[in-house]
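This report addresses surface exposure, the principal pocket and charge pairing in a protein model. The sequence and structure are shown first, and the discussion follows.

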Amino acid sequence: MAGIDLHIATGRDKREQAIETVSEPPPVLATAKEAMRHKLRTEAGRSIYKMRKAIVEPVFGQIKEQRSFRRFSLRGLDNVRCEWKLVCLASNLLKLFGSGWTPQAA
């Protein structure tokens with residue numbers, strides 16, 4: 001995944017618990033999980049990770065609530081992947097249609 005800077009949760013933090021930020025680089029012998037935990041505790045990592053609430057998570061809520069998609073109808077990983085792609089396609093097309101977008105003739 002060249003060029004993609006991942007920010008993945010490594011566990012749950014309590015809301016009332018203060019999390020101290022770090023500025024030094026991660027330890028040399030850190031595991032992947034420890035390195036990600038360290039990355040998320042930097043000021044830049046925290047600000048980027050906070051944006052997920054405004055960018056990604058509302059989409060899943062909209063699919064669940066507005067499209068009433070609560071469970072997959074098909075079995076098997078390949079079938080579920082196809083069904084999920086269809087749900088995402090329908091959601092994206094409905095958002096485009098709702099915004100007044102019209103396709104341009106080629």
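## Exposure, pocket and contacts

Q62 has a relative accessibility of 27% and therefore counts as partly exposed, since that class lies between the buried limit of under 20% and the exposed limit of over 50%. The model under discussion is predicted. Q62 belongs to helix α4. Between the C-alpha atoms of Q62 and A9 the distance is 22 Å, with 53 residues separating the two in sequence.

**The α4–α5 loop and the salt bridge**

Helix α4 spans residues 57-66, and the loop between α4 and α5 contains F69. S68 is also placed in the loop between these two helices. F69 is buried because its relative accessibility, 14%, falls under 20%. S68, by contrast, is exposed at 57% relative accessibility. The backbone of S68 has a positive phi of about 55°, although S68 is not a glycine. As for F69 and L94, they are 25 residues apart along the chain, and their C-alpha atoms are separated by 14 Å.

How many salt bridges does the structure hold? There is one salt bridge in the structure. Its partners are E65 and R70, whose closest N and O atoms are 2.6 Å apart. Side chains of opposite charge can pair when their charged atoms come close. E65 is exposed, with a relative accessibility of 55%, and R70 is likewise exposed, at 52%.

The accessibility values of the residues discussed here are collected below.

| Residue | Relative accessible area | Class |
|---|---|---|
| Q62 | 27% | partly exposed |
| E65 | 55% | exposed |
| S68 | 57% | exposed |
| F69 | 14% | buried |
| R70 | 52% | exposed |
| L96 | 34% | partly exposed |

**The nonpolar patch**

Which residues make the nonpolar surface patch? The patch is formed by L86, L89, L93, L96 and W101, and its area is about 500 Å². One of these residues, L96, is located in helix α5, which covers residues 77-98. With a relative accessible area of 34%, L96 is partly exposed, and it therefore passes the cut-off of over 30% that applies to residues of a patch.

**The largest pocket**

The largest pocket has a volume of about 810 Å³. Its lining comprises 18 residues, and those closest to the pocket centre are G11, D13, I19, Y49 and R52. Three elements each give two or more residues to this lining: α1 (32-40), α2 (43-50) and α3 (52-55). Which element gives the most to the lining of the largest pocket? The answer is α2, with five residues. Sorted by class, the lining of the largest pocket has 11 charged residues, four nonpolar residues and three polar residues.

Definitions and conventions: Residues numbered from 1 in each chain as written. Predicted model: local features only at pLDDT ≥ 70, side-chain atom pairs only at ≥ 80, totals over all residues. Heavy atoms only, no water. Patch = residues over 30% accessible without salt bridge, like charges linked within 9 Å, V, L, I, M, F, W, Y side chains within 5 Å. Areas by Shrake-Rupley, 256 points an atom, 1.4 Å probe, with all protein chains shown as cover. Salt bridge = Lys/Arg side-chain N within 4 Å of Asp/Glu carboxyl O. Helix = DSSP H or I, 4+ residues; strand = E, 2+ residues; numbered from the N terminus. Buried < 20%, exposed > 50% of the residue type's maximum accessible area, 1.4 Å probe, protein only. 1 Å grid on protein atoms, 1.4 Å probe; cavity = no way out; pocket = protein on both sides within 12 Å on 5 of 7 lines; lining within 4 Å. Points joined across faces, edges and corners; volume = space filled by probe spheres on them. Nonpolar A, V, L, I, M, F, W, Y, C, P; charged D, E, K, R; others polar.
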